[in-house]
Structures are given as C-alpha cells and as structure tokens.
Amino acid sequence: MELINNITSPEKCIIVGIGRKNSDREIAKEHLDELELLAKTAGAEVLERIYQELEKPNPATAIGKGKVQEIKELIQEKYIQLVIFDDDLTPVQARNLEKEFNVKVMDRTGLILDIFAQHARTNEAKTQVELAQLEYLLPRLTRMWTHLSKQYGGIGTKGPGETQIESDRRLIRRRIQKLKAKLEEIDTQKEQQRKGRNTLPRFALIGYTNAGKSTLMNLLTNADVLVEDKLFATLDTTVRAFEFTDEFGKATKILISDTVGFIRKLPANLVASFRSTLAEAREADYLLHIIDSSEKNYIEHIKTVEETLKSLNIKDKPILKVFNKIDLIQDKHDLQQLIESNPDGIFISAQRGINIPKLLQEMQKLINNRIDVFKLEFNWNEMDKVSQIYSKWDVVKRFDEDNKISLIVKVPNEQKEKFINQYSRYIMDMLNDRPANEETNSDGLEANDKKSDDGYVKNIIRDTRRDIRYVVYSNHKLSRREMLDEVKKFNYNPLNIRQKPGTTIEIYAEGIK
Ligand SMILES: Nc1nc2c(ncn2[C@@H]2O[C@H](COP(=O)(O)OP(=O)(O)OP(=O)(O)O)[C@@H](O)[C@H]2O)c(=O)[nH]1
Ligand SMILES: [Mg+2]
C-alpha cells in the first residue's frame, strides 16, 4: 500500500477553531497560529481563519449553523478546497460538514497524520504512520467510501489509496494486524541492537516540534540530521556518539539521540505506534528538554511535553531544561525575565552556538552525579593491585612519585560499596563534589601557580576551550564579600562560590569583565 502522495500546488484552505465561552483569546489565537503552521507544513495555503466560542460543540456540525453558512459562502467566494478544524471531529460531524461544504473536511489529527505520512522516510516510520492512519480511518470508513481518491487529491487523501477503496473494513483490520506484527518485529530487532550497544551514558533530545532538537544534535555531533522550519521535520531516531573532555582531561564518550517532536493534542494512536521510535528516549539515562524560548506559548509547550512524557511512562529521569533560540529574544528585559523565571534552565542558541559550554558543563554534572571519584595510593611493591584496578575500573589519572603511586578512579554509584569494601586500605580520599572541568593533580589540583599579593590564591586554572577560569583559595577562610573582592582583582565574573569540606575554598569564575 502506498501512503505517500506528493502534493503539487498548495490547496486553498480555511482553518477553524472552537473555543469555550470566555476562553482566553490570546491562547486561542496562538492555537490557530499553530494550526496554520501545521496546514502550511502539509502543503496548504490558509486564506481564512474562523473562530467561534461555544458552550459546547454542536454534536452534528461542531460549529453553529450561522458559522456553517458563513464558511459555505467563503468557500464559494475564494475557491476553497479544504476546511481544517483545530478540534477533533467525530466521524458524524466530519460527514455532515463535508455534505454541507462539498469540499474536504479534516481535523487536527488527520492533518498531523498527513504530515507524518509526507515526512516518513524509513521503513519503520512508514509502517508506524500507516498503522496510525488506518486506525484513524477505520471508524471513518463511510466517509472514505464516498469521498476518497478520484474526487479529491492532496491533503487528507494520502491514506490508503485506490486499491483500498474496493476493500472493506475487514481488509483494513487485517492490514492493521499485519502492520502490528511487522512493528513488533522491528521492535525486537531494535531492542537487540540497543542491548548489543555498549553501556555509554545516554542523553535523549526531546521537546516540542520545531524547538531546535536536530539543530543542537547537528551542532554537537555533526550528525547531518534534517533541520527545517517545519513541524515534524524529524520522524526517525538518530543516535550519535559525542565526546566530552572530563575534569581529569580524559575523553568521556556519551550517546545522544534526536527523535520526533511532540505537539499539543498529538494523536494518541500516533504516539502508540511510534513506541519503538520513542524507545530511545524511554531508555535514555538523561533527557535534554529543548524549548523554543522565542515562542510566546513556551510554558504551554513545556506542559505538553511533560504530559506526553508521562503518557509514554517516561519518568524519574534527570532532565535539563534547555531554552533554545535565545538569539531571537531582542529585548534584554524579556531575556532577563525568562532567565529569572526559570532558575533551573540553561539558555542557549543552537544555531548561533551561544552558551554551549554551559550546557556541556551541566550535562557533565549529571553524569558526575552518578559517579564517585576516589583517590587511591599504593606502594611500589603493590603493582599487582594497581594492575587489578586498571583492568576492572576506570582509571582517569595516575601519578608516579618516589615512594608511591596514586590513582584517580571513577566508580559508578551502584558499585561504590563494592569498591570501598575491596580497596578500603588504599583509598585516601573521595573527590566528589567537584566542579565539571577542573583539572587535578596529586594534591588535587593542577594549574599555573599564581599568587596574589596577599598570598591567598593558590591556583588558577584556565580552560580556554570552555571559557571557564577556576580560582582556588586555600587555608584561609574568607567571607563571601572578601571572596568577591578577591575575584574582582583578577577581573573575573563570579559564577559559583562554595566551600569544600575542610579548609579549601574554591571560586569558579567565568569570562573576563
Ligand atoms: N534563530 C534560531 N533558530 C533556530 C535555533 N535552533 C533552531 N532554529 C531553527 O528552528 C527550526 C527548527 O529546527 P529543528 O532543529 O529542525 O527543530 P526540531 O526540534 O528538530 O523540529 P522537529 O524535528 O520538527 O520536531 C529551523 O528552522 C532551525 O534553523 C536557534 O538557536 N536560533
Ligand atoms: Mg528534528
């Protein structure tokens, strides 16, 4: 069955929104804006927008009689070929409206399915979309009998094609069964692939459609994923490896996946049939929630994404909220407000590469939260232990000194107990609660030694690649005020100030004032 059917010229359409009495006009307008973008993405040209507030939708025609008449006239006047409703229509409503208008009538779900059908490239995506389309069409079959194919081409008829018209519900049901079986097979294959993959930490990019997930994916990994100012540009999952340099200067590999975006009222059967595509997000260790911060409605988008995650049973995963497209926020005051109202957010532009180091730093912190770092010391006659550690654990640094060997070892949280039990007599220190991207030597730090006039400053570390400067004060307890004064001497912007257990005080600073 061929589902994909290219549209040649844009179809002229009217879009229709229905609001509750006294509902927020601004929000209604934004919902219609989104429907217009969906219609454009599907290849239609929106000539008119209709909005009606009702106590409740009319069971026969969704909108009231007067509005039906108004639309009928517009159809005549402007040669409209298609009417699209923002709300889902019952099969009865759709049938009645088509009779009245004598042109194609679609609802939001039908439109989204249509876009998915146009954008599906791989066998898996095509199968998933076809399944969702058939499930959507099944209760609307009578409408298909009268209207499909020859009379109309274009949007909304990229469902089961000509050959399907003669078939009956039974045939469609059989096809649905077949597709389900095929998807299960794909599921199993994919699961095996995932299992076969190594155990690198996995991040998934998730978020509202058009937020910039693929742009960020490409920036970080050169993945060459299609980026378009269209809804649902991405329907398949891409996974790429990405390398961090960790705080010990050692490369840490992670996997990043990009996948299909979410939208308000994403059809439930579409979500269900995209189960295997979304598996990557479900099985990720960490989520990066990409948000289009230039979008007025971004709070609603965040909620939609959070609800979709819940419906997919994706929960209890560490999530970073990444506010993208900050380059589009012209007004400094607006940006300030966005930052203040989202204290847990990271603010970037994936397209312009703004603030990416900060994002990487936060990603690294997430990984670090699940890892404990130990410093161990061995005598030279304990080389067998040293080799044992090398073979079983992740040694990130080694220091050979005259009378001892020191190792810095990373241990996943869940293996900490085991590690401590086994090596307790060699463990000298636990280096947790460390910043991302500092460098360490045998006494904990490695840097260009530099002393301030009064001798407080012990080390300054520069990581020019990440634009992070790191200042360490030691053996002297300073008040916050004193620390700020100290930082100012060096022309740094204080980024984070905290005191480690013991006497060392550290200041992290960024950028030169
Ligand atoms: N100005 C600006 N535009 C951006 C930025 N990031 C992405 N875009 C644009 O936003 C549009 C959508 O970007 P994509 O990366 O395709 O978005 P996506 O989240 O992958 O979208 P879907 O795959 O459709 O869900 C494209 O036109 C990008 O060029 C940014 O930081 N600033
Ligand atoms: Mg994308």
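In this predicted model, Phe-323 finds its bridge partner in β10, namely Phe-347. That pair belongs to a short stretch of parallel pairing, with three bridges linking strand β9 (residues 319-324) to β10. Zooming out, β9 and β10 sit at one end of an open sheet of six strands, ordered β6-β7-β5-β8-β9-β10, and the pairing across this sheet is mixed. Its edges are taken by β6 (238-245) and β10 (345-347), each of which pairs on one side only. Going from strand to neighbouring strand, the average turn is 30°, with direction ignored. Helix α9 packs on this sheet and touches quite a few of its members: β5 (202-207), β6, β7 (251-258), β8 and β9. Set against β7, the direction of α9 makes an angle of about 155°.

At the β6 end of the sheet, things run the other way round. β6 and β7 are antiparallel and are joined by eight bridges, with Phe-244 standing opposite Thr-252 in β7. The two strands make a hairpin with five residues between them, and the turn includes Gly-249, whose phi is positive at about 80°.

Helix α9 turns up again around the ligand. The shell of ligand 1 counts 24 residues, and the closest of these are Gly-212, Ser-214, Asp-229, Thr-234 and Gly-261. Helix α9 (residues 213-221) provides the largest share of that shell, which comes to three residues. Sorted by class, the surroundings of ligand 1 break down into 11 polar, seven nonpolar and six charged residues.

A second open sheet is built from four strands in the order β12-β13-β11-β14, and here the pairing is antiparallel. β12 (394-400) and β14 (427-430) have a single partner strand each, so one side of each of these edge strands has no neighbour in the sheet. The average turn between neighbouring strands is 20° here, again ignoring direction. Within the sheet, strand β11 (residues 371-378) and strand β13 (residues 405-412) run antiparallel and share eight bridges; Val-373, for instance, stands opposite Lys-410 in β13. This sheet also carries a helix: α16 (residues 416-423) packs on it, touching β11, β13 and β14, and its direction makes about 10° with that of β11.

On its other side, β13 pairs with β12 in the antiparallel sense, over six bridges. Lys-397 has Ile-408 of β13 as its bridge partner, and a hairpin through four residues takes the chain from β12 to β13.

Away from the sheets, there is a helix pair to look at. Helix α5 (residues 123-137) and helix α8 (residues 169-196) have axes that come within 10 Å and cross at roughly 145°, and the crossing is left-handed. On the α5 side, the contact is made by Glu-124, Thr-127, Gln-128, Glu-130, Leu-131, Leu-134 and Glu-135. The α8 side brings in Ile-172, Arg-175, Ile-176, Leu-179, Lys-180, Lys-182, Leu-183 and Ile-186. In terms of class, this contact is made up of seven nonpolar, six charged and two polar residues.

As for how far to trust all this, the chain has an average pLDDT of 79, and 77% of its residues score at least 70. Confidence peaks in strand β8 (residues 286-292), with a mean of 97, and bottoms out in strand β15 (residues 448-449), with a mean of 34. Two stretches deserve a mention here. Residues 143-153 have a pLDDT below 50, and this stretch makes 15 contacts in the model beyond near neighbours in sequence. Residues 435-475 also fall below 50, with 85 such contacts in the model.

Methods. Residues numbered from 1 in each chain as written. Chains lettered and ligands numbered in written order. Predicted model: local features only at pLDDT ≥ 70, side-chain atom pairs only at ≥ 80, totals over all residues. Near = placed C-beta within 6 Å. Nonpolar A, V, L, I, M, F, W, Y, C, P; charged D, E, K, R; others polar. pLDDT = per-residue confidence, 0-100. Contact = placed C-beta atoms within 7 Å. Axes fitted to C-alpha atoms, helices over the stretch in contact; angles between N-to-C directions. Left-handed = near helix turned anticlockwise from the far one by under 90°. Pairing = 2+ DSSP bridges.
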